[in-house]
Amino acid sequence: MRKITKFAGSVALGAIIASSSILADTVKVGVQAPITGKYANEGQSIDNFVRLLVDEKNAQGGLLGKKIEVVTCDDEAKAQKAAVCAKKLVNEGVFAVIGSYTSGATEAAQTTYYRSKVLQTSDGTSDSLIEKKYWTFFRNSFPNSAQSDFTAEYFVNVKKYQRIVVLSDYSSYSEGLGDATEASVKKLGGNVIFRGKIKSGTQNFTATLTKIKAMNPDVIYYSGYYTDGGLLRAQQLQLGINADFVGGDSNDNPDFYKLAGDSAKGTILINFPTPEILPYKEAKKYLKAYKDTFKIDPPSIWPVTNADGLRAIMHAVEQTKSFDTKKIADYVRTLKDFPGITGPFTIREDGERIGAEFVVYEMNNDGTKKVVSTK
């Protein structure tokens with residue numbers, strides 16, 4: 001009882017602080033992301049992009065005349081730390097939070113933001129993020145279900161693979177995408193000969209890959225993150241497994257190449273259009289500004305979708321002329337073809353982003369890739 005009372009008091013205090021913050025001359029926006037740890041390049045880039053947009057808005061006079069302050073909390077992509085970050089950011093008085101990068105860390109913070117009436121937008125693709133129907137949450141990327149349908153179509157009807165292996169780790173994102181892809185493949189009449197899971201961070205996947213080699217697969221599909229995907233690809237070829245290797249969207253990161261080395265060549269990635277090929281006016285403007293400011297490109301599409309999440313929130317504030325988070329959330333759910341950096345930004349009533357487009361890339365081992373197929 002004491003723990004529950006303490007938590008409730010913390011949330012209530014956070015709500016009071018948030019209200020007083022909005023009445024002041026400054027309004028606070030939170031960033032919850034893995035600033036350190038194995039996904040640090042993603043988290044740091046999310047934080048960078050938020051600060052780039054906030055600096056631009058402040059130079060224009062702020063948001064409804066209020067200066068925006070960014071408060072960042074490092075969740076290391078871990079659920080326990082994400083829950084702590086959520087309480088910290090609420091108590092700091094933020095009215096909206098950008099993040100986190102992983103579905104698991106995002107989900108661990110959702111309830112705190114909901115109870116505190118703090119907005120949250122994330123690139124997390126796990127379908128479970130929408131299932132709670134929290135009005136405070138909306139997604140700035142697209143769900144696993146959209147990607148799995150595209151992947152299955154590519155496997156069964158384009159490549160015509162006869163023997164498909166689906167691997168994931170145990171995270172909510174990876175497991176969900178793996179399960180959804182297996183189901184989508186089977187729905188189209190495809191043959192999944194093995195559905196396996198690995199422990200992320202293990203480094204040595206020889207036992208699992210040796211088991212797979214005996215099955216003589218046409219393709220190994222991995223729905224987890226680049227930190228394991230690069231090693232899986234390298235070890236697959238070391239074991240002489242003559243199968244295509246296809247990575248889901250979170251394998252699309254420069255560090256995949258560092259981990260896979262020369263084995264990266266020929267790897268297939270299925271993802272949203274990556275930053276360098278986005279054709280939109282906003283993309284050209286903001287990606288140039290990012291490169292000019294930080295002297296590096298974003299490592300993937302995810303910092304860019306999070307940037308669009310913040311842009312949607314600021315647009316809703318300006319259109320409603322309010323910092324009332326319920327009014328902002330309701331307005332965001334009416335957005336249709338808002339000009340996003342990542343393309344037309346349309347949010348459904350349940351907070352889901354719709355209108356997904358996917359691209360199939362083939363990797364070279366020098367960090368470049370070419371488009372093979374699009375939707």
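**Figure 1. Thr-102, a buried residue in a loop.** In this predicted model, Thr-102 has a relative accessibility of 5%, so Thr-102 counts as buried; the cut-off for that word is under 20%. You can find Thr-102 in the loop between strand 3 (94-98) and helix 4. Who are its contacts? Leaving out residues up to four places away in sequence, Thr-102 touches Tyr-39, Ala-77 and Tyr-225. Look also at the side chain of Thr-102: one of its polar atoms lies 3.2 Å from the backbone nitrogen of Ala-105.

**Figure 2. Lys-117, an exposed residue in another loop.** Follow the chain to the loop between helix 4 (103-116) and strand 4 (119-122), and you meet Lys-117. Is Lys-117 buried or exposed? Its relative accessibility is 54%, so Lys-117 counts as exposed, given that the cut-off is over 50%. Apart from neighbours within four places in sequence, Lys-117 is in contact with Trp-135, Thr-136 and Thr-325. For a sense of scale, take Ser-171: from C-alpha to C-alpha, Lys-117 and Ser-171 are 27 Å apart in space, and they are 54 residues apart in sequence.

**Figure 3. An open sheet of five strands.** Trace the strands across this sheet and you will read the order 2-1-3-4-5, with parallel pairing. Strand 2 and strand 5 (137-139) stand at the edges; each has a single partner strand, so one side of each is left without a neighbour in the sheet. From one strand to the next, the twist averages 20°. How many bridges join strand 1 to strand 2? There are eight, and the two strands run parallel. As one pair to look for, Thr-26 stands opposite Lys-67 in strand 2. Strand 1 (residues 26-33) is mostly covered, with seven of its eight residues buried. Further along the sheet, strand 4 and strand 5 also run parallel, joined by three bridges. Here Thr-121 has Phe-138 in strand 5 as its bridge partner.

**Figure 4. Two helices against the five-stranded sheet.** Which strands does helix 2 (residues 40-59) lie across? They are strand 1, strand 2 and strand 3, and helix 2 runs at about 170° to strand 2. Helix 12 packs on the sheet too, touching strand 1, strand 2, strand 3, strand 4 and strand 5. The direction of helix 12 makes about 150° with that of strand 3.

**Figure 5. A closer look at helix 12.** Helix 12 takes in residues 302-320, and there is a neat length check to try on it. At 1.5 Å a residue, its 19 residues should span 27 Å; the end C-alpha atoms are 27 Å apart, so the model agrees with the expectation. Most of this helix is covered, since 16 of its 19 residues are buried. Just after helix 12 comes Lys-321, with a positive phi near 55°.

**Figure 6. Helix 3 and its two sides.** Helix 3 (residues 79-92) has 14 residues, and the distance from its first C-alpha to its last is 20 Å, close to the 20 Å expected at 1.5 Å a residue. Which residues of helix 3 are buried? Ala-82, Cys-85, Ala-86, Leu-89 and Val-90 are. They cover an arc of only 130° around the axis, and therefore sit on the same side of helix 3. Turn to the other side of helix 3, and you find Gln-80 and Val-84 exposed. A rule worth remembering here: an α-helix has 3.6 residues a turn, so residues three or four places apart point the same way. Helix 3 is followed by Gly-93, where phi is positive, near 90°.

**Figure 7. An open sheet of seven strands.** This sheet has the order 7-6-8-9-10-14-15, and its pairing is mixed. Which strands stand at the edges? They are strand 7 (192-197) and strand 15 (369-374); each has a single partner strand, so one side of each is left without a neighbour in the sheet. On average, and ignoring direction, neighbouring strands of this sheet are turned by 25° against each other. Within the sheet, four bridges join strand 8 (residues 219-222) to strand 9 (residues 244-247), and these two run parallel. Look for Ile-220, whose bridge partner in strand 9 is Phe-245. Helix 8 (residues 206-213) lies across strand 6 (164-168), strand 7 and strand 8. Its course makes an angle of about 165° with strand 6.

Technical notes: Residues are numbered from 1 along each chain as its sequence is written. This is a predicted model: local features need pLDDT of at least 70, side-chain atom pairs count only at pLDDT 80 or more; totals for chains, interfaces and linings use all residues. Side-chain values use heavy atoms; hydrogens and water are left out. The expected span of a helix is 1.5 Å times one less than its number of residues. Buried means under 20% relative accessible area, exposed over 50%, partly exposed in between (1.4 Å probe, protein chains only). The arc is that of the directions from the helix axis to the C-beta atoms. Two strands pair if DSSP finds at least two bridges between them. Axes are lines fitted to C-alpha atoms, for helices over the stretch in contact, and angles run from 0 to 180 degrees between N-to-C directions. Contact means heavy atoms within 4.5 Å. A polar contact is a pair of N or O atoms within 3.5 Å; within protein, one must be able to donate a hydrogen and the other to accept it, and residues adjacent in sequence count only if both atoms are side-chain atoms.
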